[in-house]
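I opened my notebook to follow a few contacts through this model. Here are my entries, in the order I looked things up.

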Amino acid sequence: MLRLESVLLGFEGFTLAADLSVPRGARLAVLGPSGGGKTTMLSAIAGFLRPDAGRILMDGQEVTDWPVQDRPLSILFQEGNLFPHLTAFDNVALGVKPSLKLDEEDRANVARALDQVGLKDKGDRKPGDLSGGQRSRVALARMLLRRKPLALLDEPFAALDPGLKREMLALVGDLCTAEDLTLVMVSHDLRDAERLCTDLCLLEDGSITLSGALHPMLADPPAPLIPWL
């Protein structure tokens, strides 16, 4: 589904070098310290940053030069990026029609996305009237509505308390299964990766030091993973 082939990217004095392959349907956790290159790699995949060398492929097509909006992916950021003056329904609808000029099918799809994340009766509420967990669900519903096969998560639940975070990770896992999504999730927490992901990539100082199936690593931890246990 996703391949980074000899990607080299310099940004603000930092250099990322990455070779990576993510099969369709996999859920990859990108783990590493602050400043290790996690967000830089996610930005390259999304198209916010262009590699100086190498290629990025999705579904066998090279997308290295494609603009963000043309890539077959959706992104969920830590802040959620909700507009406070819009209702939950309209915030979700932005994912399919930024103009908010919705036809009957669009409205049905927005309602379905809200229902999928457990907010069927909260569409008329604004973000200020919702809890932190509910706001995260609105942002997740908007991502789902885009119906893209690749989902990128940049620590979207970091600000939630542990119970809510577990709940949201479980919801994302259920939605990935239901929608057949491939997932790449940036995280600082190996426990979050264990709850949701099938694969792990450890990124330190701009280089991938470990990559592979997660649960075999947990059963017999290689040396680079031990500090994270």
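**Entry 1: the terms I need.** In these notes, buried means under 20% relative accessible area, exposed means over 50%, and partly exposed is what lies in between. With that cut-off in hand I looked up Arg55, whose relative accessible area is 34%, so I put Arg55 down as partly exposed. I also reminded myself that this is a predicted model.

**Entry 2: the partners of Glu5.** I followed Arg55 to its partner and found a salt bridge with Glu5, where the closest N and O atoms are 2.9 Å apart. This pair links distant parts of the chain, since Glu5 sits in strand E1 (residues 2–11) and Arg55 in strand E4 (residues 53–58), 50 residues apart. Glu5 has a relative accessibility of 22%, so I noted Glu5 as partly exposed.

I then found that Glu5 also forms a salt bridge with Arg3, with 3.2 Å between the closest N and O atoms. Arg3 is partly exposed as well, at a relative accessible area of 39%. In general, side chains of opposite charge can pair when their charged atoms come close.

**Entry 3: a salt bridge between helices.** I moved on to Glu167 and Arg137, which form a salt bridge with the closest N and O atoms 2.3 Å apart. Glu167 belongs to helix H5 and Arg137 to helix H4, so this pair ties together parts that are 30 residues apart in sequence. Are the two partners buried or exposed, or partly exposed? Glu167 comes out as partly exposed at 37% relative accessibility, while Arg137 counts as buried at 14%.

Before leaving the topic I looked for shared partners, and salt bridges that share them join Arg3, Glu5, Arg55 and Glu62 into one network. My tally for the structure is 11 salt bridges.

**Entry 4: H4 against H5.** Next I wanted the geometry around that helix pair. Helix H4 (residues 132–145) packs with helix H5 (residues 162–179) at an angle of about 15 degrees, and their axes are 11 Å apart. H4 and H5 are therefore roughly parallel to each other. I noted their crossing as right-handed.

Which residues make this contact? From H4 I listed Gly133, Ser136, Arg137, Leu140 and Leu144, and from H5 Leu164, Glu167, Met168, Leu171, Val172, Leu175 and Glu179. Sorted by class, the contact of H4 with H5 has seven nonpolar, two polar and three charged residues. Both partners from my third entry, Arg137 and Glu167, are on this list.

**Entry 5: H3 against H4.** I turned to the other contact of H4 in my notes. Helix H3 (residues 104–116) and H4 have axes that come within 9 Å and cross at roughly 130 degrees. That makes H3 oblique to H4. The crossing of H3 past H4 is right-handed.

On the H3 side I found Asn109, Val110, Ala113, Leu114 and Gln116, and on the H4 side Ala141, Leu144 and Leu145. The contact of H3 with H4 holds six nonpolar residues, two polar ones and no charged ones. Leu144 of H4 appears here and in the contact with H5 too.

**Entry 6: H1 and Met41.** I looked up helix H1 (residues 38–46) and found it mostly covered, with eight of its nine residues buried. Among the buried ones are Lys38, Thr40, Leu42 and Ser43. Just after H1, Gly47 takes a positive phi of about 105 degrees.

I picked Met41, which lies in H1, for a closer look. Met41 has 1% relative accessibility, so Met41 counts as buried. What does Met41 contact beyond its neighbours within four places in sequence? I wrote down Leu4, Leu16, Ala18, Leu20, Val30, Cys201 and Leu203.

**Entry 7: Gly206.** My last stop was Gly206, in the loop between strand E9 (199–204) and strand E10 (207–213). Gly206 is buried, with a relative accessible area of 1%. Leaving out residues up to four places away in sequence, Gly206 touches Phe14, Thr15, Leu16, Ala17 and Gly36. I checked Thr15 in particular: Gly206 and Thr15 are 191 residues apart in sequence, with 5.9 Å from C-alpha to C-alpha. Leu16 turns up among the contacts of Gly206 and among those of Met41.

How values were computed: Residues are numbered from 1 along each chain as its sequence is written. This is a predicted model: local features need pLDDT of at least 70, side-chain atom pairs count only at pLDDT 80 or more; totals for chains, interfaces and linings use all residues. Side-chain values use heavy atoms; hydrogens and water are left out. Axes are lines fitted to C-alpha atoms, for helices over the stretch in contact, and angles run from 0 to 180 degrees between N-to-C directions. Helices (H or I, at least four residues) and strands (E, at least two) are DSSP runs, numbered from the N terminus. Angles under 35 degrees count as roughly parallel, over 145 as roughly antiparallel, 65 to 115 as roughly perpendicular and the rest as oblique. A crossing is left-handed if the near helix is turned anticlockwise from the far one by less than a right angle, and right-handed if clockwise. Contact means heavy atoms within 4.5 Å. Ala, Val, Leu, Ile, Met, Phe, Trp, Tyr, Cys and Pro count as nonpolar, Asp, Glu, Lys and Arg as charged, and the others, Gly among them, as polar. Buried means under 20% relative accessible area, exposed over 50%, partly exposed in between (1.4 Å probe, protein chains only). A salt bridge is a side-chain nitrogen of Lys or Arg within 4 Å of a carboxyl oxygen of Asp or Glu.
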